[in-house]
Amino acid sequence: MDGPVFEHGDRLFELLGTLVRRPKRGELPGEVPKRDGIPILGLLGRQEDALALQVEQALKAAEPQVVPNQLVDMTAKWSEVVAERGNPAEAKYLSVEWQRAELCRRVLVDLAAEFSSARHGHDRRVRFRRLGLVNWLLEMTHTADQPDSDHGQIMLRRLRDRELERRRLFGFMRSPSTEVALQGHVPWWAYLLGLHLLPVFWFRVWRGVGSEYRWLLRQPYMAPADPGTFIGFALRLTQPRWGREDPQQISKLMINAFLEDLRVAYRRRPWRRHAHRRTAYCVAFLQGVSDQNGGLELVRLLAEVRNDTGAFDPLLLVTSRPEEPVEPVLVRELTDSPTPYQAWCERLRAAGGGRNAEFWHLPVRVPEPIPDGDDRRVQQGERTTIASRLTVPRPPVWAGRAATAVAATTALAVLATGVGITVVDAWDWRQQHCGLGPSDPDARTVWRASTGECVGVAPHGFAFGAKDPAVRRTLSIIARQNRRAEEIHAGDPTRPIVTLVHLSALLSTPKSGISQTLSYAREQLQGVASAQQRLLGTGNDDPVLRIYPASAGAGMGFGADAVRMIERMMKSDSTIVGVTGLDQSRKATFRTIAELTRVGLPMVATTLSADSLPGASALYYQVSPQNRREAQISVAYAGHLLTEKRLKRKAVRIVYSLDPTDEYSDNLRLDTLNSFHDAGFDTYPRGYVPAHPAAGTPPGPSALKVGEEACKFSGLVFFAGRSEDFETILNATNNTCGGSNTPVFLGGDDVARLGADPVRRKAFPRVPYEFLDFTVGSASCDDPSDLYSTMKDLFPDECRDVRDTSLDGHAALAFDAVNLYVKAITRLRSAAPDVPLTPSAVWHALSGIHDDAALAGESGRIDFGGRVDQQVPLDKLVSIQRVEGAQRPKQMGFCGRQGKDDGADWCPAPEKVQQ
């Protein structure tokens, strides 16, 4: 061993060898079961340079393979930072706090560059994906100035170029050591190939599924939920000083990224051969740490990150510095018994959850070198030399490439004999049940459909894969209230428990589609939850209510399957008495209604309006008006526009979907065509092919083409399709004639879903439009009503963040649908208290909602006229809402009964019961 001979140096190297050797199973310390952790080894003495050199030599000479290590001179590194970024006269100047964050970045980049080097073996290099991404974003700019308007686009373009360079197709341009490099340019020929082989849409997808991108939004530092998207958080990282970010949070983010990359590289899995070949921990030697050079702060931040994450990281951090007169942690001697490592293990064994940063420190006093001529020097030198020949475990034979090939072949043979079938079946079971394990209470009533959607019934809060946190919170609240209902019933059996299933098409997304979990789906659930909460809060002998959210898949495609699951649940749960919800008047919706009729469950639809729906089942009711009533009101309003000369020509172009499965659009087209024709309007039907057409859709123009054509039409453009296609039409019109000579648009009730979304509706500021709504509109949580006062208590975040919550009335309609059941059940129990609450009894009671017993609902008066076959409320409220840019829709008038008001004077005659 070259250099000074330290007394008891052999014990120092024995301690070092203990800390770098990785156990065959689990992690250090093996002496403490179920506790993982590696202490921060502090070497306290005055011979820092010689000591650091000897430790580095020992690690590099380890057998049978080198221990990954990197020595960092903290004083030199700090001087480098101050020299480059410490001059206030230069544009790249950093304050002292940001200089320390820059020091942290440079140290971590140096460590990552070394640990990803091929010097430690080709298959033991570490890929620093997360640190590489964070470092790249932080180093994109070096200014504290406010970014310009193109900053975001420039960042995305350069980030896309970086991803292109890292792909396997360009493997010769990429290696683990380039993860922390600041790539930003690729050869022109690679970019040209990338335009064909790596389209822009792929990059968009990768931003959502890439491990480093997902990790960045889940890690705990810098509040990544603000704003909650990768792009927004990435922009904060590119301009941290302008955004007044906390430099210590930046440092912790970098440290956590560095450690997480190490964790991933060392994470043992049967299929990850490289992880099993890592038999020694990485060593970072920070030489000469002090308060002045930022080294002690860096060590403290790393210890705090360990405490914050609670995760094991495979890094041995060694520091060296002179001993202070007063040390915060007891300094151990190399000759102590128990040894310093054994003493630290005992601290780990006894430690609870309240660890501080000092817990990780293991300071050891390094004695002074033995002077030349001392008799002890030769023998101590020999012992130290022997101890410094570090050995680490050999990688297991099975982790070699040849063994891997044999193991793979053997595994395939075992699978063929059936042993692996059990594993596959268990995996398939989880996949079929949306990733839920058998112990999850919702696992057996939900499943993954052929389209990739999660469908079924989830009484216990499963979100069917919905990403919207507000939807997930709402479902969680409903599950909590279900548990509360069961507790109330158990404590007071005189309050019967009844269960309604809320069946929706909007809680999941097919693999090939786009997200349909929009604000109106959340608002329906919030309306249902509010009705449930109000019933739970009452006293006396009122029933208590459970709500079972159910998903029928996009377009109600799996509604019949969901009903069959409800039927199976009814065999063990006799409290299920009805269904609310149902979305979109499509053929699949009719099949769902037919299946509910077969099962014998009454249903109250919230938003369905097709004329033919009541004829599909005697058990069917709805709280919204029909399309024929919409058509009558549309004609009356168009006449009003002519009178006020807002409409230049007595003509109407009826825009509808060519999708043969969309019963709503086809029915509304026919109703409006007949009503406008009877009123003397020139009628011009115009079909379009929707964005996601069903099989059998005939050829026709796109919604974009129809929107461009609308600029030339001087009459009324009535839209009878879906809100997502109306957005396309508005976009085309906005780009073609927006701001001047725009057509007069009037949309059906489905357009209310667009008006409900404050982000979507402001995308077309130059094209005003109007639509029919099934409520008075412009409601908010501040309204003094049963619904909105309850929503304000249940969903304070949504009410605070979104001024126009429930604007489209879906919350009110869902609230009324549930209360319709509640009123029917209450009347039934009052008239015949001994009659069991069965689906058939509740269905019969629904027809009694009329005249004095009518429901004064949040969406208007609900009166079924006293006839058993009257399944649609009479003269139900329909309002006209106008949207201009991002402003909240303005009500232009309404028709129907709302309190004592019978609506505008231009409305058609009220509906009456047909004898």
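Let's start with helix H16. It spans residues 401–417, and Leu415 sits in it. Keep in mind that this is a predicted model.

Is Leu415 buried, partly exposed or exposed? Its relative accessibility is 37%, so Leu415 counts as partly exposed. It also belongs to a nonpolar surface patch. Leu412 and Val424 complete that patch, which covers about 260 Å².

Now, over to the sheet. It is open and has eight strands. Follow the order with me: E15-E14-E16-E17-E18-E21-E22-E23. The pairing is mixed. A quick reminder: strands of a sheet pair through backbone hydrogen bonds, parallel or antiparallel.

Which strands stand at the edges? They are E15, residues 682–688, and E23, residues 901–903. Each has a single partner strand, so one side of each lacks a neighbour in the sheet. From one strand to the next, the twist averages 25 degrees.

Let's zoom in on one pair. Strand E21 covers residues 878–883, and strand E22 covers 890–898. The two run antiparallel, joined by five bridges. Take Arg882: its bridge partner in E22 is Lys890.

Next, the helices on this sheet. Helix H22, residues 627–643, packs on it. H22 touches E16, E17, E18, E21 and E22. The direction of H22 makes about 145 degrees with that of E18.

Then there is helix H25, residues 723–737. H25 lies across E14, E15, E16, E17 and E18. What angle does H25 make with E17? About 175 degrees.

Definitions and conventions
Residues numbered from 1 in each chain as written. Predicted model: local features only at pLDDT ≥ 70, side-chain atom pairs only at ≥ 80, totals over all residues. Heavy atoms only, no water. Patch = residues over 30% accessible without salt bridge, like charges linked within 9 Å, V, L, I, M, F, W, Y side chains within 5 Å. Areas by Shrake-Rupley, 256 points an atom, 1.4 Å probe, with all protein chains shown as cover. Salt bridge = Lys/Arg side-chain N within 4 Å of Asp/Glu carboxyl O. Helix = DSSP H or I, 4+ residues; strand = E, 2+ residues; numbered from the N terminus. Buried < 20%, exposed > 50% of the residue type's maximum accessible area, 1.4 Å probe, protein only. Pairing = 2+ DSSP bridges. Axes fitted to C-alpha atoms, helices over the stretch in contact; angles between N-to-C directions. Contact = heavy atoms within 4.5 Å.
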